Amino acid sequence: MINRILFLPEKPNAGMQLLLAFLFPVFTFTALGIDSVFFAGRCFDGRQITNFISIVYFLIFFFASDSYLRKLMFIMVFLSYLGEIIFCKCLEMYHYRNEAIPLYVPFGHAIVYASGYVFAHTKWAIRQERKLKVFFPILFILLFLFVGLFLNDIFSLIFGICFFLLLKRKRWENLYFFIALCVVFIELVGTFFQCWIWEPEIFGIIPTVNPPLGAVFVYAGGDVLLVKIVELLERQKRILTC
């Protein structure tokens, strides 16, 4: 029943998708600004407002997408919440402004993924695929080296190597680089507003900065797992319909 209601194959609203992807920076800055320490101190705790507008933004993006991206976004919400429990609560790599994991976070992860997905599938990105496969690795190598050598972000150096090993297995798909750019932006904005703060030493021994560029590997690993889950579900669906 859920599959029939939410994931029926239909033509996506490409114009709306692209608009929402381009508005991602504006949405991120606004939503996280309302949940910021500054806003809470000067006005009131705006977390419930951020929760609301994040869910609304997610739903608009969701229903503007085709069935495949809808499945990715839907599963990402639950997968990212599991990731939050592991990395935030169990491993204590970072913590939020309040003790609880904000409701908007899993929906925000899905919006990050969808935005990167849309950017990666634009006509421009497809035409420039070969050039981008050269540009993106060079850009991220320089970024990882910069934070590692000049900011003593050893965590990002280690996870940067893992990031590139993962992308090598994925044949350097530009999708993961576009998502990584969205991740870097949301991490910079979120930590700027102190919605969350990364620990200065991951696991108590690996120095890092706030935020660490190496966080992109955590997202990329989750993205790979997400695609595997959707592929598995699609395979099971085909088997059942045969």
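Contact here means heavy atoms within 4.5 Å, and it is in this sense that the packing around helix H3 is described for this predicted model.

**Helix H3 and its surroundings**

Helix H3 spans residues 24–34, and its buried residues are Phe 24, Phe 27, Thr 28, Ala 31, Leu 32, Gly 33 and Ile 34. The elements that cover these buried residues include helices H2 (14–22), H4 (37–42), H5 (47–63), H7 (104–120) and H11 (174–192), together with strand S2 (196–198). The spacing within the buried set can be read against the geometry of the helix. An α-helix has 3.6 residues a turn, so residues three or four places apart point the same way.

**A network of salt bridges around Asp 35**

The search of the whole structure finds four salt bridges, and Asp 35, Asp 45, Arg 47 and Arg 97 are linked in a network of such bridges. Three of the pairs are set out below, with the distance between the closest N and O atoms.

| Pair | Closest N and O atoms | Separation in sequence |
|---|---|---|
| Arg 47 and Asp 35 | 3.0 Å | 12 residues |
| Arg 97 and Asp 35 | 2.7 Å | 62 residues |
| Arg 97 and Asp 45 | 2.9 Å | 52 residues |

Asp 35 lies in the loop between H3 and H4, while Arg 97 lies in the loop between strand S1 (94–96) and H7, so their salt bridge ties together parts of the chain that are 62 residues apart in sequence. Arg 47, the other partner of Asp 35, belongs to helix H5, and both Arg 47 and Asp 35 are buried; for Asp 35 the relative accessible area is 0%. Arg 97 also reaches Asp 45, which is placed in the loop between H4 and H5 and which, at 40% relative accessibility, counts as partly exposed.

**Glu 84, a buried acid without a salt bridge**

Glu 84 sits in helix H6, which runs over residues 67–90. Glu 84 is buried yet has no salt bridge, and the nearest side chain of opposite charge, that of Lys 89, is 8.5 Å away, whereas a salt bridge would require a side-chain nitrogen within 4 Å of a carboxyl oxygen. The side chain of Glu 84 does, however, make a polar contact of 2.7 Å with the side chain of Tyr 96. When neighbours within four places in sequence are left aside, the residues in contact with Glu 84 are Lys 89, Tyr 94, Tyr 96, Ile 101, Val 105 and His 109.

**Aromatic pairs and one cluster**

The count of aromatic pairs comes to 29. One of them joins Phe 22 and Phe 119 in an edge-to-face arrangement, with 5.3 Å from centre to centre and 75° between the planes. This pair links distant parts of the chain, since Phe 22 is in helix H2 and Phe 119 in helix H7, 97 residues apart. The two partners are unlike in exposure: Phe 22 is exposed, with a relative accessible area of 53%, whereas Phe 119 counts as buried at 18% relative accessibility. Phe 39 and Phe 44 form another edge-to-face pair, at 5.3 Å centre to centre with 80° between the planes, and here Phe 44 counts as partly exposed at 44% relative accessibility. In addition, Phe 135, Phe 136, Phe 140, Phe 144, Phe 163, Phe 164, Trp 172, Phe 177 and Phe 178 form one aromatic cluster.

Phe 119 also takes part in a backbone interaction, for its backbone oxygen lies 2.9 Å from a polar atom of the side chain of Thr 122. Thr 122 is in the loop between H7 and helix H8 (123–127) and is buried, with a relative accessible area of 17%.

**Cysteines**

How many disulfides does a search of the whole structure find? The search finds zero, and the sulfur positions of two cysteines illustrate the point. The sulfur of Cys 90 is 9.3 Å from the closest cysteine sulfur, that of Cys 88, which is too far for a bond, given that a disulfide needs sulfur atoms within 2.5 Å. For Cys 182 the closest cysteine sulfur is that of Cys 195, at 17 Å, again too far for a bond. Cys 90 is exposed, with a relative accessible area of 56%, while Cys 182 counts as buried at 6% relative accessibility.

Key:
Residues numbered from 1 in each chain as written. Predicted model: local features only at pLDDT ≥ 70, side-chain atom pairs only at ≥ 80, totals over all residues. Heavy atoms only, no water. Helix = DSSP H or I, 4+ residues; strand = E, 2+ residues; numbered from the N terminus. Buried < 20%, exposed > 50% of the residue type's maximum accessible area, 1.4 Å probe, protein only. Lys, Arg positive; Asp, Glu negative; His and termini not counted. Polar contact = N/O pair within 3.5 Å; in protein donor to acceptor, adjacent residues only side chain to side chain. Phe/Tyr/Trp six-rings, centres within 6.5 Å; stacked < 30°, edge-to-face > 60°.
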